[in-house]
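Me: Please take a close look at one part of this structure, and explain each term as you use it. I am in my first year, so a slow and connected account would suit me well.

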Amino acid sequence: ATMCPADVLATLPPDLPTLVVGAGIDERAPPATVERLFARLPMPADRKRLWLVAESSHGQVFLDQPAAYAEHLRWLLERLRR
């Protein structure tokens, strides 16, 4: 049986730190879809983070907000080291 992406995300280890980045202007992964996928993650709130950038398009968040992107990656890396 083929699993959809949301089903696969739900099987990730609950202790795995996870950062989900989304763009507000994104037809491939609209914000509502990204939010639904994020909600399926089994991690507690302190182990997962959703960052949606309303004015960015698909794949452009790191270019539009490089400093904030680096900060979110720092958050992820700090949790991966624990």
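Reply: A residue is called buried when its relative accessible area is under 20%, exposed when the value is over 50%, and partly exposed in between, with a 1.4 Å probe and protein chains only. The model is predicted, so local features need pLDDT of at least 70 and side-chain atom pairs count only at pLDDT 80 or more, while totals for chains, interfaces and linings use all residues. Residues are numbered from 1 along each chain as its sequence is written, and side-chain values use heavy atoms, with hydrogens and water left out.

Before the close look, here is the setting. The chain has four helices and two strands, which are DSSP runs numbered from the N terminus (H or I over at least four residues for a helix, E over at least two for a strand), and along the sequence they follow the pattern α-β-α-β-α-α. Of the 82 residues in the chain, 27% are buried.

The part to examine is the surroundings of R47, a residue in the loop between α2 (31-40) and β2 (48-57). R47 is buried and yet has no salt bridge, and the nearest side chain of opposite charge, that of D46, is 5.6 Å away. Here Lys and Arg count as positive and Asp and Glu as negative, while His and the chain ends are not counted; a salt bridge needs a side-chain nitrogen of Lys or Arg within 4 Å of a carboxyl oxygen of Asp or Glu. Apart from its neighbours within four places in sequence, R47 is in contact (heavy atoms within 4.5 Å) with D15, L16, P17, T18, W75 and R79.

Two of these partners deserve a closer look. T18, which is found in strand β1 (residues 18-25), counts as buried because its relative accessible area is 13%. The side chain of T18 reaches the backbone oxygen of L16 at 3.1 Å, and, beyond four places in sequence, the contacts of T18 include L41, M43, R47, K48, R49, W75 and L76. The other partner, R79, is buried because its relative accessibility is 14%. Unlike R47, which has no salt bridge, R79 forms one with E78, where the closest N and O atoms are 3.8 Å apart; E78 is partly exposed, at 38% relative accessibility.

From T18 the picture leads on to M43, one of the contacts of T18. M43 touches L12, P13, P14, L16, T18 and K48 when neighbours within four places in sequence are set aside. M43 also belongs to the largest nonpolar core, whose five residues are V20, V34, F38, L41 and M43; such a core is a set of buried Ala, Val, Leu, Ile, Met, Phe, Trp, Tyr and Cys residues joined through side-chain atoms within 4.5 Å. L41, another member of this core, is in contact with T18 as well.

For comparison, the structure holds two salt bridges, and one of them joins the side chains of D7 and R40 at 3.3 Å, N to O. D7 lies in helix α1 (residues 5-9) and R40 in helix α2, so this pair ties together parts that are 33 residues apart in sequence. D7 is partly exposed at 29% relative accessibility, and R40 is partly exposed at 36%.

Conventions
Polar contact = N/O pair within 3.5 Å; in protein donor to acceptor, adjacent residues only side chain to side chain.
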